[in-house]
Amino acid sequence: MKTSRSWLLLCMLHGVASMLLWWARDSAVDLLTWQADDWTTRPWTLWTTVWVHLNTPNLIANQLALGALTALAWMMRPPLGAALAWLLAWPLTQLMLPLWPQIGYAVGLAGLLHAGTAVMVVYLVAQRVPVARARRWGILLGVSLLGKLWLESAWSYPVIWDTSNEMSVVQAAHLTGALWGLVLALFAMLASDRVSRWHVG
């Protein structure tokens, strides 16, 4: 079972870029933020907006979650296919947000982190990573993720106001991230199986 450092490199990219952008000028932040009404003229924001954080608690929370995902990847050693699935989910998470007209903008790593978690769930349950009792851990992580999504009910409440942090939370990004992570992880495993059969043949 081949492992890859690609996932860890993606984690490092997101962590460093988020910190650098935190110190950037407001004009640069605005240029890199995904806005529902003009993202088609600024398509790069599908990628860059995940590095934008509106306040310190939001940045710290997402950096801690990214750290947890990095630690999990360090133990799991996910293959290249898993990293590619997470990479593809990156822009697609924002691409689905216009389905909800209530969403004016979206920032932060949360949606992408949900995508990464979903990818790891799939690879653990399918036992495609060198981890003891991988399926059991995958089911536990998957139930936790599903429980969080169910409690948020983003299909009914795509955006909520977080009074403690005084900011809008785009819960729909959590849902779209998790969905894309699931779909792309399954596709990546299917593609890997076909390549393996082709080489054997």
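In the next few minutes I will describe the largest pocket of this structure and then go through its salt bridges. Please keep in mind throughout that what we have here is a predicted model.

Let me begin with the pocket. The largest pocket has a volume of about 640 Å³, and its lining is made up of 33 residues. If you would like to find the pocket on the screen, look for Asn62, Ala110, Leu113, His114 and His174, since these are the residues of the lining that lie nearest its centre. Several elements give two or more residues to that lining, namely helix H4 (56-76), strand E2 (105-106), helix H6 (110-125), helix H7 (134-152), strand E4 (167-170) and helix H8 (171-200). Which of these gives the most to the lining? That is H4, with 8 residues. As for the character of the lining, its residues divide into 19 nonpolar and 12 polar ones, with 2 that are charged.

I now turn to the salt bridges, of which the structure holds 3, and I will take them one at a time, looking in each case at how open the two partners are.

In one of them, Asp38 is paired with Arg42, and the closest N and O atoms are 3.2 Å apart. The two partners are placed rather differently with respect to the surface: Asp38 has a relative accessible area of 25% and is partly exposed, whereas Arg42, at 10% relative accessibility, counts as buried.

Another salt bridge joins Arg128 to Asp193, with 2.9 Å between the closest N and O atoms. This pair links distant parts of the chain, for Arg128 sits in the loop between H6 and H7 while Asp193 belongs to helix H8, and the two are 65 residues apart. Are these partners buried or partly exposed? Arg128 is partly exposed, with a relative accessible area of 27%, and Asp193 is partly exposed as well, with a value of 26%.

The remaining salt bridge is formed by the side chains of Glu152 and Lys148, at 2.5 Å from N to O. Here both residues lie in helix H7, 4 residues apart, which is about one turn of the helix. Glu152 is buried, with a relative accessible area of 13%, while Lys148 counts as partly exposed at 34% relative accessibility.

To bring the two topics together, helix H7 is among the elements that give two or more residues to the lining of the largest pocket, and helix H7 also holds both Glu152 and Lys148.

Technical notes
Residues numbered from 1 in each chain as written. Predicted model: local features only at pLDDT ≥ 70, side-chain atom pairs only at ≥ 80, totals over all residues. Heavy atoms only, no water. 1 Å grid on protein atoms, 1.4 Å probe; cavity = no way out; pocket = protein on both sides within 12 Å on 5 of 7 lines; lining within 4 Å. Points joined across faces, edges and corners; volume = space filled by probe spheres on them. Nonpolar A, V, L, I, M, F, W, Y, C, P; charged D, E, K, R; others polar. Salt bridge = Lys/Arg side-chain N within 4 Å of Asp/Glu carboxyl O. Buried < 20%, exposed > 50% of the residue type's maximum accessible area, 1.4 Å probe, protein only.
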